[in-house]
Amino acid sequence: MRIPAALVVAASAIAVVALTVPVANAAAVPQVQITRAQYDSPGADTRSAASLNAEYIQLTNTTKAPISLKGWTLRDNAAHVYSFGAFTLPARTRIIVHTGPGTSTALHRYWQSRAYIWNNDRDTATLRNAAGRPVDSCVWVRPGNGFSLC
């Protein structure tokens, strides 16, 4: 059986294109991800330090290398902004950015807010790098169990 030359050329062209087109999803996975948003602290909203700090965003470094977050920001839809100072997120490590007051450590950062940041009914947590480009975001649109796995 003889295959028409035009069909061989078309199949070859498709194969070449398939080999040269990068896989979009492989590059789309952020190195630092928002992995949980605890947007409604459990219990009554008393504005106590404990209640404020039970509202938080969890970030995860998904790589095998530490990542400097110097100049990075975390923000909500109402333009509340947390700025990371000179901080490096260790490899394959999760940190929590609490809303309320506290002393920052290697695994816990504190926004130092005396008011709740994250809206319970709908909001978006956006992580931006030092150049101001979005790295990752987490969106919730209706009240649920008080948290969203992102």
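Let's start at one rung of a ladder: R128 has P134 as its bridge partner in β10. This is a predicted model, and the pairing of β9 with β10 leads on to an open sheet of 4 strands and to a disulfide between C138 and C150.

**The β9–β10 pairing**
- Strand β9 covers residues 123–128, and 6 bridges join β9 to β10.
- The two strands run antiparallel to one another.

**The sheet around this pair**
- Reading across the open sheet, the strand order is β5-β4-β9-β10, with antiparallel pairing.
- At the edges sit β5 (81–83) and β10 (134–140), each of which pairs on one side only.
- From one strand to the next, the twist averages 15 degrees.
- As general background, strands of a sheet pair through backbone hydrogen bonds, in either a parallel or an antiparallel way.

**The disulfide**
- Searching the whole structure turns up 1 disulfide.
- C138 and C150 form this link, with 1.9 Å between their sulfur atoms.
- The link of C138 and C150 is left-handed, with -65 degrees about the S-S bond.
- C138 belongs to strand β10, while C150 lies in the segment after β11 (148–149), so the disulfide ties together parts that are 12 residues apart in sequence.

**Exposure of the two cysteines**
- Is C138 buried or exposed? Its relative accessibility is 3%, under the 20% cut-off, so C138 counts as buried.
- C150 has a relative accessible area of 40%, which makes C150 partly exposed, because that value falls between the 20% and 50% cut-offs.

Definitions and conventions
Residues are numbered from 1 along each chain as its sequence is written. This is a predicted model: local features need pLDDT of at least 70, side-chain atom pairs count only at pLDDT 80 or more; totals for chains, interfaces and linings use all residues. Side-chain values use heavy atoms; hydrogens and water are left out. Two strands pair if DSSP finds at least two bridges between them. Axes are lines fitted to C-alpha atoms, for helices over the stretch in contact, and angles run from 0 to 180 degrees between N-to-C directions. A disulfide is a pair of cysteine sulfur atoms within 2.5 Å. Buried means under 20% relative accessible area, exposed over 50%, partly exposed in between (1.4 Å probe, protein chains only).
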